[in-house]
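Here is a short set of exercises to work through with a protein chain on your screen. Try each task yourself, then follow the solution step by step.

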Amino acid sequence: MPPEEKVRIVLSILAGEMTVAEAARPAKVSEQSIGNWKRQFLESGRAGLAGKSGPSSREQQLEAQVADLTQALGEAAVELRVWKKSAEGRLGPSRTSRLSAAMQACRPRGSVG
């Protein structure tokens, strides 16, 4: 439903021209939906008169999405580091295994270490 129609319905209810139930039937929406429109309309009007212009619900939604994507990107970066470290171990001997091999090569034969 276009915002203009929602405003017309809410203003009719506020003016006492009709009840929420009377407005819901022809609009084919729930009374709860109309109650939400009325609440949003009044909250926005109150914020506008107070000089507050907070983020819209769409802006809040986008900010939440950015936060989720940022977190996912961070998690992917950590996973990538783990995979790289794991691949290094499979592609060549690790520093520890090279050190062990060098130490064993230096040991006299027959000694147990």
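**Exercise 1. Classify R39, then find its charged partner.**

Step 1: R39 has 39% relative accessibility, so R39 counts as partly exposed. Here buried means under 20% relative accessible area, exposed over 50%, and partly exposed in between, with a 1.4 Å probe and protein chains only.

Before going on, note that this is a predicted model: local features need pLDDT of at least 70, side-chain atom pairs count only at pLDDT 80 or more, and totals for chains, interfaces and linings use all residues. Residues are numbered from 1 along each chain as its sequence is written, and side-chain values use heavy atoms, leaving out hydrogens and water.

Step 2: The partner of R39 in a salt bridge is E43, with the closest N and O atoms 3.5 Å apart. A salt bridge is a side-chain nitrogen of Lys or Arg within 4 Å of a carboxyl oxygen of Asp or Glu.

Step 3: Both R39 and E43 lie in helix α3, four residues apart, about one turn of the helix. E43 is partly exposed because its relative accessible area is 41%.

**Exercise 2. How many salt bridges does a search of the whole structure find?**

Step 1: The search finds two salt bridges.

Step 2: Besides the R39 and E43 pair, the side chains of E5 and R8 meet in a salt bridge at 2.5 Å, N to O.

Step 3: E5 and R8 sit three residues apart in helix α1, about one turn of the helix. E5, at 30% relative accessibility, counts as partly exposed, and R8 is also partly exposed, at 42%.

Step 4: As a general idea, side chains of opposite charge can pair when their charged atoms come close.

**Exercise 3. Describe the secondary structure of the chain.**

Step 1: Count five helices and zero strands. Helices (H or I, at least four residues) and strands (E, at least two) are DSSP runs, numbered from the N terminus.

Step 2: Of the 113 residues in the chain, 8% count as buried.

**Exercise 4. Which residues make up the largest nonpolar core?**

Step 1: The eight residues are I9, V10, I13, A23, A24, A27, I34 and W37. A nonpolar core is a set of buried Ala, Val, Leu, Ile, Met, Phe, Trp, Tyr and Cys residues joined through side-chain atoms within 4.5 Å.

Step 2: Two or more residues of this core come from each of α1 (3-14), α2 (20-27) and α3 (31-49).

Step 3: Look at V10, which touches W37, K38 and F41, not counting residues up to four places away in sequence. Touching is a contact, meaning heavy atoms within 4.5 Å.

**Exercise 5. Is S12 buried or exposed?**

Step 1: Find S12 in helix α1.

Step 2: S12 counts as buried because its relative accessibility is 7%.

Step 3: Leaving aside residues up to four places away in sequence, S12 touches E17 and M18.

**Exercise 6. Examine the backbone at K28.**

Step 1: Go to the loop between α2 and α3, where K28 is found.

Step 2: Phi of K28 is near 60°, a positive value in a residue other than glycine.

Step 3: For background, most residues other than glycine have a negative phi.

Step 4: K28 counts as exposed because its relative accessibility is 76%.
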